Amino acid sequence: MQHATGNEIEKGKPKSLIREYTEAIIIAVLLALVIRAFVVQAFKIPSGSMKSTLLIGDHILVNKFTYGIKIPLLEKEIVHFRDPQRQDIVVFRYPVDESKDFIKRVIGLPGDTVKIQDKIVYVNGKVLDEPYVVHSDDKIQPAAKGPRDNMPALVVPPGNLFVMGDNRDESYDSRFWKFVKISELKGKAFIIYWSWNSEGDFTWMPSESYVRWNRIGSLLH
């Protein structure tokens, strides 16, 4: 008669194939939810307000713990890492309609004075160096017509940001609806993982293909 030694482990009944697959799916779903809640979240760019940094059809990943860790649903920060920095590209809840997410670039930090004169942005009295900016309209609108090209000086309140799109003449941003609360940030955009051109074709030419191969993997600055 054969006896089990202390080093032997008694084998239980093998799991059924259905149970193994079910457990694997549950674990995968839980991991995906945790990653989406605390680590990274995917977003698709629906408009040209950030052109040419971001194009319509770009799919990006947003780092959700760049600034801190929040409790999901409650969106209460439990760990703070760092404050947003000027020229970060951020995703946030649109202040006018919080059911929507917007993506813009940080221009003014709390306490900053932001002014726009003839399309040029001044922060604390100095011209802001913005190599990423695109202007699609050569005409300069007077302040009486709106704040697009000329905006009087505004001081960014504590706990808020002044944000703008890179495509300045086609962006609806803080010039029109003022400030974004830092607490409403979802994270910092850091990479384009996929880019789809709905007006393209099946070709390997980057400028003509449905897939913008040259944009995939591009880091965002």
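1. Val34 has a relative accessibility of 45% and is therefore classed as partly exposed, a class that lies between the limits of 20% for buried and 50% for exposed. The structure discussed here is a predicted model. Val34 is located in helix 1.

2. Val34 also contributes to a nonpolar patch on the surface, with an area of about 740 Å². The other contributors are Phe38, Val39, Phe65, Ile71, Leu74, Ile78, Val79 and Phe81. Two elements, helix 1 (17–38) and strand 4 (76–80), each supply two or more residues to this nonpolar patch.

3. Strand 11, which spans residues 160–164, presents another picture: 5 of its 5 residues are buried. In a regular strand, side chains point alternately to one face of the sheet and to the other. In strand 11, one side carries Asn160, Phe162 and Met164, while the other carries Leu161 and Val163. These residues are all buried, so both faces of the strand are covered.

4. Which strands pair with strand 11? Strand 6 (residues 101–108) does so in the antiparallel sense, over 3 bridges. Within this part of the structure, Arg105 lies opposite Met164 of strand 11. Met164 is among the buried residues listed above.

5. Strand 12 (residues 180–181) is likewise paired with strand 11 in the antiparallel sense, here over 2 bridges. Val180 in strand 12 is the bridge partner of Leu161, a residue that is buried on the side of strand 11 shared with Val163.

How values were computed. Residues numbered from 1 in each chain as written. Predicted model: local features only at pLDDT ≥ 70, side-chain atom pairs only at ≥ 80, totals over all residues. Heavy atoms only, no water. Patch = residues over 30% accessible without salt bridge, like charges linked within 9 Å, V, L, I, M, F, W, Y side chains within 5 Å. Areas by Shrake-Rupley, 256 points an atom, 1.4 Å probe, with all protein chains shown as cover. Salt bridge = Lys/Arg side-chain N within 4 Å of Asp/Glu carboxyl O. Helix = DSSP H or I, 4+ residues; strand = E, 2+ residues; numbered from the N terminus. Buried < 20%, exposed > 50% of the residue type's maximum accessible area, 1.4 Å probe, protein only. Pairing = 2+ DSSP bridges.
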